[in-house]
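Reader: Hi! I'm new to reading protein models and would love a close look at one part of this one. Could you walk me through it step by step?

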Amino acid sequence: VCVYVICHYTLFEYLTLSLALSSHIGMVEEYNEIHPHIRYQDNKFISGAYYNSLNEISLYAGIRHEINNSGVEFTATTGYNRFLLPYIRATHDIGKYTRFFITSGTENKNIGAIIGVELSIN
């Protein structure tokens, strides 16, 4: 029984629930700007799911490299126009539960930026 309790507790220790709010800069179309997100992180490995800008569920897996309060994430992500896309996101933590982020976005031949804030629930 103790082994189950330790494993059960440890699994939840690696999970993060969050809500991201974003703004799409340099893009013409209307996009979803509210992104519920669940993440599993074990050391540098990250994976999870979020509701993306196209109103679809995206699944991802990759690595996160951190330096102090900043980080860079390199993942393979689903839920966009192609089945699997490379995705890079830069972040900066301003508190235990608040993270700013920026990533690139494309729309037809336009290249824009997606900036936002992610609020962790746990």
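Which residue in β2 is the bridge partner of L19? And what can you tell me about the strands and pockets around that spot?

Author: Happy to help! The partner of L19 in β2 is P36. Before we follow that pair outward, please keep in mind that this is a predicted model. Its pLDDT averages 90, and 91% of the residues score at least 70. The start of the chain is another matter: over residues 1-7 pLDDT stays under 50, and the model has zero contacts there beyond four places in sequence. Where pLDDT is low, the predicted coordinates should not be read in detail.

Now for the strands. β1 covers residues 15-25 and β2 covers 34-42, and seven bridges join the two in an antiparallel pairing. Strands of a sheet pair through backbone hydrogen bonds, either parallel or antiparallel.

P36 also takes us one strand further along. A49 lies in β3, which spans residues 45-51. Leaving aside neighbours within four places in sequence, A49 is in contact with P36, H37 and I38, and also with I57, S58, L59 and Y60. By contrast, the C-alpha atoms of A49 and I94 are 23 Å apart in space, with their places 45 residues apart in sequence.

Next, go back to β1 and look at its pairing with β8. Here eight bridges join the strands, which run antiparallel, and A20 of β1 stands opposite E118 in β8. β8 in turn pairs with β7 in the antiparallel sense over ten bridges, with F101 opposite G116. The hairpin of β7 and β8 has two residues between the strands, and N108 takes a positive phi near 55° there.

Let's put these pairings into the whole picture. The protein has one helix and eight strands, and from the N terminus on the helix is followed by the strands, α-β-β-β-β-β-β-β-β. The eight strands close into a barrel in the order β1-β2-β3-β4-β5-β6-β7-β8, with antiparallel pairing. From one strand to the next, the twist averages 30°. Taken along the principal axes, the C-alpha atoms fill a box of roughly 55 × 30 × 20 Å.

What about the empty space? Rolling a probe the size of a water molecule over the atoms shows where empty space is left. The largest pocket has a volume of about 910 Å³. Its lining has 34 residues, and Y80, Y87, S104, G105 and I114 lie nearest its centre. Both β1 and β2 are among the strands that supply at least two residues each to this lining, while β7 gives the most, with six residues. Sorted by class, the lining has 14 nonpolar, 13 polar and seven charged residues.

The second largest pocket has a volume of about 280 Å³. Of the 17 residues that line this pocket, T16, K96, R99, S120 and N122 are the closest to its centre. Our two strands, β1 and β2, turn up again, since α1, β1, β2, β7 and β8 each supply at least two residues of this second lining. Its residues divide into three nonpolar, eight polar and six charged.

So, starting from L19 and P36, you can trace β1 and β2 into the barrel and then find both strands in the lining of the largest pocket and of the second largest pocket.

Definitions and conventions. Residues numbered from 1 in each chain as written. Predicted model: local features only at pLDDT ≥ 70, side-chain atom pairs only at ≥ 80, totals over all residues. Heavy atoms only, no water. 1 Å grid on protein atoms, 1.4 Å probe; cavity = no way out; pocket = protein on both sides within 12 Å on 5 of 7 lines; lining within 4 Å. Points joined across faces, edges and corners; volume = space filled by probe spheres on them. Helix = DSSP H or I, 4+ residues; strand = E, 2+ residues; numbered from the N terminus. Nonpolar A, V, L, I, M, F, W, Y, C, P; charged D, E, K, R; others polar. Pairing = 2+ DSSP bridges. Axes fitted to C-alpha atoms, helices over the stretch in contact; angles between N-to-C directions. pLDDT = per-residue confidence, 0-100. Contact = heavy atoms within 4.5 Å.
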